[in-house]
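Some labels for helix packing and pockets rest on cut-offs. How does each label follow from its value?

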Amino acid sequence: MDKLRRVLSGQEDNEELGLTAQVLDASTLSYSTRVKWFVICFASGILCSILGSALLFLPNGIKLFAVFYTLGNIAALSSTCFLMGPLKQLKRMFEKTRLIATIVMMLCLVLTLCAVFWWHKKGLAIIFCILQFLAMTWYSISYIPFDRDAVMKCFTTCLS
């Protein structure tokens with residue numbers, strides 16, 4: 001359990017030295033507070049996504065769906081900042097193995113809202129929500145060792 005706490009708090013990597021480390025150490029939350037806020041943020045993200053899906057069938061529900069679904073994904077993504085800290089989260093998001101998934105995911109978040117509010121294209125908003133889901137899934141499995149390879153092998157096996 002102590003090793004998990006060290007990894008999640010960033011104490012295992014001694015790359016950050018000097019003023020940056022002092023600022024991060026001074027502003028860190030306790031382990032239990034981090035876990036609580038992770039659960040709260042992640043649960044609110046799931047709730048927003050479910051609420052958005054329920055509102056989809058109302059008149060003009062596509063706008064509410066797009067907003068709530070996007071906010072839900074942002075909340076779920078932000079929840080991990082409580083576990084590992086925002087700076088480490090950003091560094092990990094833009095690592096070579098996650099760079100494309102991160103860019104596609106963030107682009108889809110923005111494009112979903114653009115499709116609904118500026119372009120007024122409901123079908124395009126649905127497509128971007130589907131792409132959000134796929135990009136978030138691909139991003140999430142990048143944290144599990146060898147999982148992307150297993151998914152790709154399964155996918156190619158199914159196609160052949």
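The questions below take up helix pairs and a pocket in this predicted model.

Q: Why is helix 4 called oblique to helix 5?
A: The axes of helix 4 (residues 61-84) and helix 5 (residues 86-93) cross at roughly 120° and come within 7 Å. Roughly perpendicular covers 65 to 115 degrees and roughly antiparallel needs over 145. The angle of roughly 120° fits neither class, so helix 4 is oblique to helix 5. The crossing of this pair is right-handed.

Q: Which residues of helix 4 and helix 5 meet?
A: From helix 4, Leu 77, Thr 80, Cys 81 and Met 84 take part, and they meet Pro 86, Lys 88, Gln 89, Arg 92 and Met 93 of helix 5. This contact has five nonpolar, two polar and two charged residues.

Q: What makes helix 4 and helix 7 roughly parallel?
A: Their axes cross at roughly 15° and come within 10 Å. Angles under 35 degrees count as roughly parallel, and helix 4 and helix 7 are therefore given that label. Helix 4 passes helix 7 in a left-handed crossing. On the helix 4 side the contact includes Phe 65, Tyr 69 and Leu 77, and on the helix 7 side it includes Ile 126, Phe 133 and Met 136. Its residues divide into ten nonpolar, three polar and one charged.

Q: Why is helix 6 called roughly antiparallel to helix 7?
A: Helix 6 (residues 99-117) packs against helix 7 at an angle of about 160°, with the axes 8 Å apart. The cut-off for roughly antiparallel is over 145 degrees, so helix 6 receives that label with respect to helix 7. The crossing is left-handed. Among the residues that meet are Met 105, Cys 108 and Leu 109 in helix 6, and Phe 128, Leu 131 and Trp 138 in helix 7. By class, this contact has 17 nonpolar, three polar and no charged residues.

Q: How many residues line the second largest pocket, and which are closest to its centre?
A: The space in the second largest pocket is about 330 Å³. There are 17 lining residues, and Phe 42, Ala 76, Leu 77, Met 136 and Ser 140 are the closest to the centre. Helix 3 (31-55), helix 4 and helix 7 (122-141) are the elements that give two or more residues to the lining.

Q: Which element gives the largest share of that lining?
A: Helix 4 does, with seven residues. By class, the lining has nine nonpolar, eight polar and no charged residues.

Conventions:
Residues numbered from 1 in each chain as written. Predicted model: local features only at pLDDT ≥ 70, side-chain atom pairs only at ≥ 80, totals over all residues. Heavy atoms only, no water. Axes fitted to C-alpha atoms, helices over the stretch in contact; angles between N-to-C directions. Helix = DSSP H or I, 4+ residues; strand = E, 2+ residues; numbered from the N terminus. Left-handed = near helix turned anticlockwise from the far one by under 90°. Contact = heavy atoms within 4.5 Å. Nonpolar A, V, L, I, M, F, W, Y, C, P; charged D, E, K, R; others polar. 1 Å grid on protein atoms, 1.4 Å probe; cavity = no way out; pocket = protein on both sides within 12 Å on 5 of 7 lines; lining within 4 Å. Points joined across faces, edges and corners; volume = space filled by probe spheres on them.
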